[in-house]
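Thank you all for coming. I would like to take a few minutes to walk through one model, beginning with its strands and ending with a loop.

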Amino acid sequence: MKVKLGDIYKVSSGGTPSKSHQEYYADGDIKWVKTGDLKVRYLYETEDYITEEGLNNSSAKMYAPDTVLIAMYGATIGATSILKTDACTNQACAAFPKSEDVIPEYLYYFFRSQKDKFVKDGVGGAQPNISGGYLKNVSFELISIDEQKEVIHRLGLIEDIISQRQKQLVLLNELIKSRFIEMFGNAVTNPMNWEVKELGELSTHINSGNTPKGGEQVYVDEGIMFFRSQNVWKDRLELDDVAYIDASTHASMSRSSLKHGDILMTKTGRINTENSSLGRAAMYLGEDDAANVNGHVYFIRLKPGVNNRFILRILVSDEYRGYIRSVCVGGIDKRQLNKNHIEEFPIICPPIEMQNKYISFVEQIDKQKVILQQSLTELETQFQALMHEAFNS
């Protein structure tokens, strides 16, 4: 039976206590949910808290455990979690209190299945949104409690396995980090007193590319890969939206034509965001002269005999993330790395035998990560198919 959410739930949202009243936040012990907290199936903890005074002097509302929350604003539209604690929310979260007719997990999976639709239906400019009124009119299939339990069981099993794979990948990354610290210490403070050289000493080229004349108008459907900052992430290149340029444009930009093993590093970005584009580094493993970079990406070409994989591990370490933010220049938030900053990067230089031993260890771990990632991708595909079958048939 098809029903509207508004026929079952009294949908509401919360509010934000005035930021001008610090007493509404200082030493608060009431959990206050924002859309950024909606990353897990079951929500026990929040990043922020408010005081009882803040709750009473705002439109924030308290919700009981088993309330299902969904994000209505911006990049987080459709993110959802089930409260497992008493908490209040800000105005960007819509709340669906526990119902006798719908198991919270069933509604949670329904919301997950509709995320793409919610994003598509979002209205507004830079921060599109869906409203409480929109959600009240969303229809879904109301089935019996026993049938709901069966759907929840199937989806929960596969989601639990996905969670295990994700945790395994995190642990393998932590193993790589801890092995580095064990062998070499902190790459910035250098407590083991390794020899230190500037990155410029270890390199033959450190340069950025250019924006080709005509900008995006010169991009083609196939040709030479043209990396922009959105393609360079921490220790990986993302090719989903990589641009291409033709051979003649590439030839006119021969100074920034890439070689196999070049390290790419982004030049600009905000410093106060988790996935800031500033100083992200990854390695180009394609063929020589088969790719190029724009003006927001540096390429670092190391001298023969320098272990480029070891240098990359240093550049992507948490310690170097902090160092990069300490030397960049720019405004309050948007910052930039200049060429001289990168040339002056201090790089520890342990014996090459130790570097090679560490990289051999990393390569073995990376093989395990590839297998886990393939399994994770297959599981996520199955999960999406099961949700579609359960809620869109």
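What follows is a short tour of a few strands, two helices and three single residues.

Please keep in mind that this is a predicted model, in which local features need pLDDT of at least 70 and side-chain atom pairs count only at pLDDT 80 or more, while totals for chains, interfaces and linings use all residues. Residues are numbered from 1 along each chain as its sequence is written, and side-chain values use heavy atoms, with hydrogens and water left out.

Let me start with strand β3, which covers residues 30-33; helices (H or I, at least four residues) and strands (E, at least two) are DSSP runs, numbered from the N terminus. Ile-30 and Trp-32 point one way from β3, Lys-31 and Val-33 point the other way, and all are buried, where buried means under 20% relative accessible area, exposed over 50%, and partly exposed in between, with a 1.4 Å probe and protein chains only. In a regular strand, the side chains alternate between the two faces of the sheet.

Which strands pair with β3? Two strands count as paired if DSSP finds at least two bridges between them. With β5 (residues 48-50), β3 forms three bridges in the antiparallel sense, and there Ile-30 stands opposite Ile-50. With β9 (residues 87-89), β3 runs parallel, joined by two bridges, and Trp-32 has Cys-88 as its bridge partner.

Next comes an open sheet of five strands with mixed pairing, in the order β2-β10-β7-β8-β4. Because β2 (12-13) and β4 (42-43) stand at the edges with a single partner strand each, one side of each is left without a neighbour in the sheet. Helix α3 (residues 104-113) packs on this sheet, touching β4, β7, β8 and β10, contact meaning heavy atoms within 4.5 Å.

Further along the chain, Thr-268 is found in strand β19 (residues 268-270) and, at 15% relative accessibility, counts as buried. Leaving aside neighbours within four places in sequence, Thr-268 is in contact with several residues, including Ser-277, His-296 and Gln-336. The buried residues of helix α9 (residues 318-327) are Tyr-320, Tyr-323, Ile-324 and Arg-325, and they pack against β19, among other elements.

Finally, consider the loop between α6 (145-184) and β12 (196-198), which holds Asn-190 and also Asn-193. Phi is positive in both, near 55 degrees for Asn-190 and near 60 degrees for Asn-193. Yet Asn-190 is buried, with a relative accessible area of 11%, whereas Asn-193 is exposed, at 66%.

Note on methods:
Axes are lines fitted to C-alpha atoms, for helices over the stretch in contact, and angles run from 0 to 180 degrees between N-to-C directions.
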